[in-house]
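Work through the exercises below with the sequence and the structure in view. Each task is followed by a solution in steps.

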Amino acid sequence: MEQGIKNTKEVIVALNKLVVKLAPLLANGIQVGDLIEGFNAINGDPVAKAEFEAALKDIHLVDDEIKDISLSEGIELVMVQAKILPELLAALKKA
Ligand SMILES: [Ca+2]
Ligand SMILES: [Ca+2]
């Protein structure tokens with residue numbers, strides 16, 4: 001059965017947003033408190049929280065989606081990443 005790439009896309013977006021949220025915390029070095037602060041940053045953002053929960057819930061489906069990936073799906077994933085890249089780079093630059 002064709003798997004599609006819905007869950008893979010969700011996980012890519014969630015991971016990028018995680019880096020965007022964590023980058024400012026890690027800018028001054030990694031402390032134990034960063035983990036809690038990172039958790040609070042996500043927990044305090046209902047949209048991000050819902051996205052993370054959705055991504056984590058279906059993360060086990062990503063394996064099958066990747067095994068079944070087509071060229072057009074691969075390109076679509078690259079485009080998903082490309083679309084988030086400016087936000088990601090801006091966060092890392094500030095860090
Ligand atoms: Ca820190
Ligand atoms: Ca596919």
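**Exercise 1. Find where helix α5 bends, and by how much**.

Solution. Helix α5 bends by about 45° at Leu-85. The bend at a residue is the angle between axes fitted to the seven residues ending there and the seven starting there. Next, look along the sequence for a proline: Pro-86 follows within four residues.

Some notes on the model come before the next task. This is a predicted model, in which local features need pLDDT of at least 70 and side-chain atom pairs count only at pLDDT 80 or more, while totals for chains, interfaces and linings use all residues. Residues are numbered from 1 along each chain as its sequence is written, and chains are lettered from A and ligands numbered from 1 in the order in which they are written.

**Exercise 2. State the secondary structure of the chain and its order**.

Solution. Helices (H or I, at least four residues) and strands (E, at least two) are DSSP runs, numbered from the N terminus. By this rule the chain has five helices and zero strands. Read from the N terminus, the order is α-α-α-α-α. The C-alpha atoms fill a box of roughly 45 × 25 × 20 Å along the principal axes.

**Exercise 3. Compare the end-to-end reach of α5 and α2 with the expected span**.

Solution. The expected span of a helix is 1.5 Å times one less than its number of residues. Step one: α5 has 24 residues and reaches 35 Å between its end C-alpha atoms, close to the expected 34 Å. Step two: helix α2 (residues 32-43) has 12 residues and should span 16 Å; its end C-alpha atoms lie 18 Å apart, which agrees.

**Exercise 4. Determine how α1 and α5 are placed relative to each other**.

Solution. Axes are lines fitted to C-alpha atoms, for helices over the stretch in contact, and angles run from 0 to 180 degrees between N-to-C directions. The axes of α1 (residues 6-26) and α5 (residues 71-94) come within 8 Å and cross at roughly 5°. Angles under 35 degrees count as roughly parallel, and α1 and α5 are therefore roughly parallel to each other.

Now take the contact itself, where two residues are in contact if their C-beta atoms, placed from the backbone, lie within 7 Å. Residues of α1 including Ile-12, Asn-16, Val-19 and Val-20 meet residues of α5, among them Leu-77, Ile-84 and Leu-88. The residues of this contact divide into 12 nonpolar, three polar and three charged. Here Ala, Val, Leu, Ile, Met, Phe, Trp, Tyr, Cys and Pro count as nonpolar, Asp, Glu, Lys and Arg as charged, and the others, Gly among them, as polar.

**Exercise 5. Classify Leu-88, Ile-36 and Ala-50 as buried, partly exposed or exposed**.

Solution. A residue is buried if 20 or more other C-beta atoms lie within 10 Å of its own, exposed if 12 or fewer, and partly exposed in between, with C-beta atoms placed from the backbone.

- Leu-88, in α5, has 16 such neighbours and so counts as partly exposed. Its C-alpha atom is 5.7 Å from that of Val-20, although the two are 68 residues apart in sequence.
- Ile-36, in α2, has 12 and so counts as exposed. Ile-36 and Asp-64 are 32 Å apart, C-alpha to C-alpha.
- Ala-50, in α3 (residues 46-57), has 10 and so counts as exposed.

Finally, turn to the chain: buried residues make up 11% of its 95 residues. In α5 the number buried is zero, so α5 lies largely in the open.

Methods:
Angles under 35 degrees count as roughly parallel, over 145 as roughly antiparallel, 65 to 115 as roughly perpendicular and the rest as oblique.
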